[in-house]
Each structure stands twice: as structure tokens, then as C-alpha cells.
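Work through the exercises below with the sequence and the model side by side. Try each task before reading its solution.

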Amino acid sequence: MSKEHGYTASKEQLLARLARIEGQVRGIARMVQEDRYCIDILTQIGAIQAALDKVGLGLLDGHARVCMTDAEDTEPQVEELMGAVGRMLGRG
């Protein structure tokens, strides 16, 4: 049996959200093929970034609540978590 992850309980919901994001990305490719207005494309890119941020925050939350709870020495896990936060914010 594999180890439980922070997203295990909501895995189907997470996969559905990622599938919607994938569809949005394909939609942007169609917009470019159809020579759509730049600002419309940029708006869609912003929506995708917001959706990915929401997924990332949910994963961070699950990691903190599930994956980090059984550690005896939390310092390495806190460093790993903060590194992930920094990368999400584009600072790592």
C-alpha cells in the first residue's frame, strides 16, 4: 500500500481541476491559431495562472496538514515546504 499524500482525499477533484486547466491551455492554443486579440489571450493566461495557484495552494495545505504531521524532526520538512512556497511565488 502506498503512503497517503495530502491530496489523497481530494484526488478526483484535483484531477478534474487539472483537466479543466488543460482544456484552458488548449483553448489558448486555438486562440493563437485563430489570430485572436492579444489582450484576450493574456486574460486567459491570467485565468490559468490563477487556477494553477489555487491548485498549488491546495497541495501546500494538504502537505502541511497530512504529510508533515507525523515527522519527529520538522525542520527539514519546514525547509522543504518553504522552498516549495518560494518556487510557487517565483522566488526560489
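Helices here are DSSP runs of H or I with at least four residues, numbered from the N terminus. The model is a predicted one.

**Exercise 1. Place Gln 77 and decide whether Gln 77 is buried or exposed.**

Step 1. Locate the residue. Gln 77 lies in helix 3.

Step 2. Apply the cut-off. Buried means under 20% relative accessible area. Gln 77 has 18% relative accessibility, so Gln 77 counts as buried.

Step 3. Check a distance. Gln 77 and Ala 64 are 13 residues apart along the chain, and their C-alpha atoms are separated by 9.1 Å.

**Exercise 2. Find how helix 2 and helix 3 are oriented and which residues meet.**

Step 1. Take the geometry. Helix 3 covers residues 75-88, and its axis is 11 Å from that of helix 2. The packing angle is about 175°.

Step 2. Classify the angle. Values over 145 degrees count as roughly antiparallel. Helix 2 and helix 3 are therefore roughly antiparallel.

Step 3. List the contact. Helix 2 brings Asp 53, Gly 56, Leu 57, Leu 60, His 63, Ala 64 and Cys 67. Helix 3 meets them with Gln 77, Glu 80, Leu 81, Ala 84, Val 85 and Met 88.

Step 4. Sort by class. This contact of helix 2 with helix 3 has eight nonpolar, three polar and two charged residues.

**Exercise 3. Describe the packing of helix 1 on helix 2.**

Step 1. Start with the axes. Those of helix 1 and helix 2 come within 10 Å and cross at roughly 165°.

Step 2. Draw the consequence. Because of that angle, helix 1 is roughly antiparallel to helix 2.

Step 3. Add the hand. The crossing of helix 1 past helix 2 is left-handed.

Step 4. Read off the contact. On the helix 1 side, the residues are Leu 14, Arg 17, Leu 18, Ile 21, Gln 24, Val 25, Ile 28, Met 31 and Val 32. The helix 2 residues they meet include Asp 40, Ile 41, Gln 44, Ile 48, Ala 51, Val 55 and Leu 59.

Step 5. Count the classes. The contact of helix 1 with helix 2 divides into 15 nonpolar, two polar and three charged residues.

**Exercise 4. Which residues form the largest nonpolar core?**

Step 1. Name the members. The core has eight residues: Leu 14, Ile 21, Ile 28, Met 31, Ile 41, Ile 48, Ala 51 and Val 55.

Step 2. Assign them to elements. Helix 1 (11-33) and helix 2 (38-67) are the elements that give two or more residues to this core.

Step 3. Zoom in on one member. Beyond its neighbours within four places in sequence, Ala 51 is in contact with Ile 21 and Gln 24.

Step 4. Recall the background. In soluble globular proteins, nonpolar side chains tend to be buried together.

**Exercise 5. Where does Asp 35 sit, and what is its phi?**

Step 1. Place the residue. Asp 35 is in the loop between helix 1 and helix 2.

Step 2. Look at the backbone. Asp 35 is not a glycine, yet its phi is positive, about 55°.

Step 3. Check accessibility. The cut-off for exposed is over 50%. Asp 35 has a relative accessible area of 70%, so Asp 35 is exposed.

**Exercise 6. Place Ser 10 and Val 78, then give their accessibility classes.**

Step 1. Ser 10 is in the segment before helix 1. Val 78 is in helix 3.

Step 2. Ser 10, at 30% relative accessibility, counts as partly exposed. Val 78, at 32%, counts as partly exposed.

Step 3. Compare sequence with space. Ser 10 and Gly 58 are 48 residues apart in sequence and 9.8 Å apart, C-alpha to C-alpha. For Val 78 and Asp 61, the values are 17 residues and 13 Å.

How values were computed: Residues numbered from 1 in each chain as written. Predicted model: local features only at pLDDT ≥ 70, side-chain atom pairs only at ≥ 80, totals over all residues. Heavy atoms only, no water. Core = buried A, V, L, I, M, F, W, Y, C linked by side-chain atoms within 4.5 Å. Buried < 20%, exposed > 50% of the residue type's maximum accessible area, 1.4 Å probe, protein only. Contact = heavy atoms within 4.5 Å. Axes fitted to C-alpha atoms, helices over the stretch in contact; angles between N-to-C directions. Parallel < 35°, antiparallel > 145°, perpendicular 65-115°, else oblique. Left-handed = near helix turned anticlockwise from the far one by under 90°. Nonpolar A, V, L, I, M, F, W, Y, C, P; charged D, E, K, R; others polar.
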